Amino acid sequence: MARSRRPLIAGNWKMNGLTADALALAGAVAEGVKQAGWTDRELLVCPPSTLVMAIAKAVKGSGLLVGGQNCHAAASGAHTGDIAAEMLRDAGASHVIVGHSERRTDCGETDAVVRAKAEAAWRAGLLPVVCIGESLAEREAGRTLSVLETQLKGSIPAGSTASRLVVAYEPVWAIGTGKTPTTAEVAAAHAHIRRVLGGLIADANAVRLLYGGSVKGGNAAELLAAGDVDGALVGGASLKADEFLAIAKAA
Ligand code: PGA
């Protein structure tokens, strides 16, 4: 892992968490961050939007970062049930995940939609974590690298730079399944993503590329050691403070 790219360990809580348990979880993670005193890595939790403000307030000063899981492309307006990047920022978020495969599938988000959301994140002063990843059928058809290339080119806005963008590679078939690609497969995907980024933005070498999909305390060291991996996007294992902190320690 290149030392010039500070590892980011991001927890995606998905649609999990009621106030009491969520505050306890965030508090335990924040305490772990404080005790470790890490300056060489960043930890981020992305709770459901109902909890962003309470958690941002609760962990303030600990060094733990807070983000959203999604945002709308517009700053405000007639979009019932949606949340603007500006609202996340107002609630205390610094980051937002965009284009997660569950949203691409559940909500039909296309690359163009994801790109507009990343632009909205910039407009609001948030750092977007743009997710891409192939399905099992695409992998089995040998199309992984071309799918990643298409998604990446379509999903990141013009004007992207290393300080304005984080990319997460999440094979759809590895999310929540306990299955992971081999480290060689992860390294190959990340190397390809960085190559493609090289044709799009000037400081591609400094962009952080996260791996996501069934990352746990037990496999984090191996996955994070794969070439061009600069951190992890963690779902299930981010709901347990010990497990999430173990992943951060492995970074
Ligand atoms: P998982 O989810 O760690 O539970 O596989 C990862 C994600 O969806 O970001």
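A residue is taken to surround the ligand if one of its heavy atoms lies within 4 Å of it. The model on display is predicted.

Begin by selecting the ligand together with its shell. On that criterion, 13 residues surround the ligand, and the closest are Lys 14, His 100, Glu 170, Gly 176 and Ser 214. Colouring this shell by residue class gives four nonpolar, seven polar and two charged residues.

Next, display the backbone atoms of three glycines. A backbone N or O atom of Gly 176, which is also among the closest residues, lies 2.6 Å from an oxygen atom of the ligand. For Gly 235, a backbone N or O atom is 2.8 Å from a ligand oxygen; for Gly 236, the corresponding distance is 2.8 Å, again to an oxygen atom of the ligand. The protein buries 96% of the 280 Å² that the ligand exposes when taken alone.

Now hide the ligand and compute the pockets. The space that the ligand takes is the second largest pocket.

Finally, turn to the aromatic side chains. Select Trp 122 and Arg 164: the charged end of Arg 164 sits over the Trp 122 ring, 3.7 Å from the ring centre. A search for aromatic pairs across the structure returns one.

Notes
Residues are numbered from 1 along each chain as its sequence is written. This is a predicted model: local features need pLDDT of at least 70, side-chain atom pairs count only at pLDDT 80 or more; totals for chains, interfaces and linings use all residues. Side-chain values use heavy atoms; hydrogens and water are left out. A polar contact is a pair of N or O atoms within 3.5 Å; within protein, one must be able to donate a hydrogen and the other to accept it, and residues adjacent in sequence count only if both atoms are side-chain atoms. Accessible areas come from the Shrake-Rupley method with a 1.4 Å probe; for residues, only the protein chains shown count as cover. On a 1 Å grid over the protein atoms alone, a cavity is a set of points where a 1.4 Å probe fits but cannot get out, and a pocket is an open set with protein on both sides within 12 Å along at least five of seven lines; lining residues have an atom within 4 Å of a point. A molecule sits in a cavity or pocket if more than half of its atoms lie within 2 Å of its grid points. Ala, Val, Leu, Ile, Met, Phe, Trp, Tyr, Cys and Pro count as nonpolar, Asp, Glu, Lys and Arg as charged, and the others, Gly among them, as polar. Rings of Phe, Tyr and Trp (its six-membered ring) pair if their centres lie within 6.5 Å; planes under 30 degrees apart count as stacked, over 60 as edge-to-face and the rest as tilted. A charge sits over a ring if NZ of Lys or CZ of Arg is within 6 Å of the ring centre and within 35 degrees of the ring normal.
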